[in-house]
Amino acid sequence: MQKIHAIIFDLYGTLYDVHSVAHACEEAYPGHGTAITHLWRQTQMDYTWLRSLMERYADFETVTEDALRFTCAKLGLPLLPGTARQLCDHYLQLDPYPDTPATLRRPRDAGVPLLIASNGSRHTINQVVSNSGMKWAFDQIVSVDDVEVFKPHRKIYLLAEQRAGHPREHILYVSANGWDASAASLFGFPVCWVNRDGAPFDELGATPAVVVPDLGAMADWMLARR
């Protein structure tokens, strides 16, 4: 294991809880909040992958709203324009996981550069980070807007490596999404998979360097190798 000179974090589902929109969904559609949240997130991911395969890139805001429209149609729920805007705006105000702020301070205080590499647009990433008061944590934000194809395409990992300014073997990639962790590992990053739910790792021919139950354990593991 090489020394770690920078850390790249995935955003959605890793640092920020995508299901924190559930309360807003429940307020808009009583009794359906959880179902909307889960189907919306899965459709959102499906659409990023499908658009990449079809070479029909659209920014994350568009994909998110399209996924919400499908979700409501699938569940037989009416979606007024104002409701769509209100719910999509909540994706700009996601809650960080409880251990996110304290965990980011530890490598930050140790002088390790921190980056985000996300399927979000530059606008959405900046809004999520700013609205949670955590702009202090990150040296750079890497958006798929710059390559116009979504993860897990290797272009975004290559761009993140270039922005980090170190060879990939010296950059720890942290993700709670198994498919993302697999792609990053196959690209050549040492990968920390944050497995909060005790799930099996995706069978995609990749193996993370380390599996941890939370972000704090990631920081413990990384700082022990500085």
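Visitor: Which residues is lysine 135 in contact with, leaving aside neighbours within four places in sequence?
Guide: Lysine 135 is in contact with Val129 and Ser130 on that count. Bear in mind that this is a predicted model.

Visitor: Where is lysine 135 found, and is it buried or exposed?
Guide: Lysine 135 is found in the loop between helix H6 (122-131) and strand S5 (140-143). Its relative accessible area is 54%, over the 50% cut-off, so lysine 135 is exposed.

Visitor: How far apart are lysine 135 and glutamate 26?
Guide: They are 29 Å apart in space, C-alpha to C-alpha. In sequence, 109 residues separate lysine 135 and glutamate 26.

Visitor: Next to that glutamate is cysteine 25. Where is the place of cysteine 25, and is it buried or exposed?
Guide: Cysteine 25 sits in helix H1 (residues 22-28). With a relative accessible area of 0%, cysteine 25 is buried.

Visitor: What does cysteine 25 touch, not counting residues up to four places away in sequence?
Guide: Cysteine 25 touches Gly33, Ile36, Thr37, Trp40 and Leu87. The C-alpha atoms of cysteine 25 and leucine 87 are 6.9 Å apart, with the two positions 62 residues apart in sequence.

Visitor: Change of topic. Why is helix H8 described as largely enclosed by the rest of the structure?
Guide: Helix H8 spans residues 178-187, and 9 of its 10 residues are buried, so the rest of the structure largely encloses it. The buried residues are Gly178, Trp179, Asp180, Ala181, Ser182, Ala183, Ala184, Ser185 and Phe187.

Visitor: What do the buried residues of H8 pack against?
Guide: They pack against two helices, H2 (33-54) and H7 (154-164), and two strands, S6 (171-175) and S7 (191-194).

Visitor: And what is H8 followed by?
Guide: Glycine 188 follows H8, and its phi is positive, near 125°.

Visitor: Back to S6. Which side chain does serine 175 join through a polar contact?
Guide: The side chain of serine 175, a residue of strand S6, makes a polar contact of 2.8 Å with the side chain of aspartate 180. Aspartate 180 is one of the buried residues of H8.

Visitor: Is serine 175 buried or exposed, and what is it in contact with beyond four places in sequence?
Guide: Serine 175 is buried, at a relative accessible area of 0%. Beyond four places in sequence, serine 175 is in contact with Asp10, Thr14, Asp180, Ala181, Cys192, Trp193 and Val194.

Visitor: What about helix H9? Which of its residues are buried, and what covers them?
Guide: H9 covers residues 215-223, and its buried residues are Leu215, Gly216, Met218, Ala219, Trp221 and Met222. Their cover includes strand S1 (6-9), helix H5 (100-109), S6, S7 and strand S8 (210-212).

Visitor: What caps the N-terminal end of H9?
Guide: Aspartate 214 does, with a side-chain oxygen 3.2 Å from the backbone nitrogen of glycine 216.

Visitor: On to backbone geometry. Which residues does the cis peptide bond join?
Guide: Lysine 151 and proline 152 are joined by a cis peptide bond, with omega about 15°. Proline 152 lies in the loop between S5 and H7.

Visitor: What is the phi of glutamate 148, and where is that residue?
Guide: Glutamate 148 has a positive phi of about 55° although it is not a glycine. Its place is in the loop between S5 and H7, and at 51% relative accessibility it counts as exposed.

Visitor: And glutamate 55: what phi, and where?
Guide: Glutamate 55, also not a glycine, has a positive phi of about 55°. It lies in the loop between H2 and helix H3 (60-74) and counts as exposed at 72% relative accessibility. As background, most residues other than glycine have a negative phi, and most peptide bonds are trans.

Visitor: Last, the whole chain. How many helices and strands are there?
Guide: The protein has 9 helices and 8 strands. Its radius of gyration is 17 Å, close to the 17 Å from the globule rule for 226 residues, so the protein is as compact as a globular protein of that length.

Visitor: What share of the residues is buried, and what share of contacts is between residues 24 or more positions apart?
Guide: Of the 226 residues, 50% count as buried. Residues 24 or more positions apart account for 62% of the contacts with a separation of 6 or more.

Methods. Residues are numbered from 1 along each chain as its sequence is written. This is a predicted model: local features need pLDDT of at least 70, side-chain atom pairs count only at pLDDT 80 or more; totals for chains, interfaces and linings use all residues. Side-chain values use heavy atoms; hydrogens and water are left out. Buried means under 20% relative accessible area, exposed over 50%, partly exposed in between (1.4 Å probe, protein chains only). Helices (H or I, at least four residues) and strands (E, at least two) are DSSP runs, numbered from the N terminus. Contact means heavy atoms within 4.5 Å. A polar contact is a pair of N or O atoms within 3.5 Å; within protein, one must be able to donate a hydrogen and the other to accept it, and residues adjacent in sequence count only if both atoms are side-chain atoms. The radius of gyration is taken over C-alpha atoms; the globule rule is 2.2 Å times the number of residues to the power 0.38.
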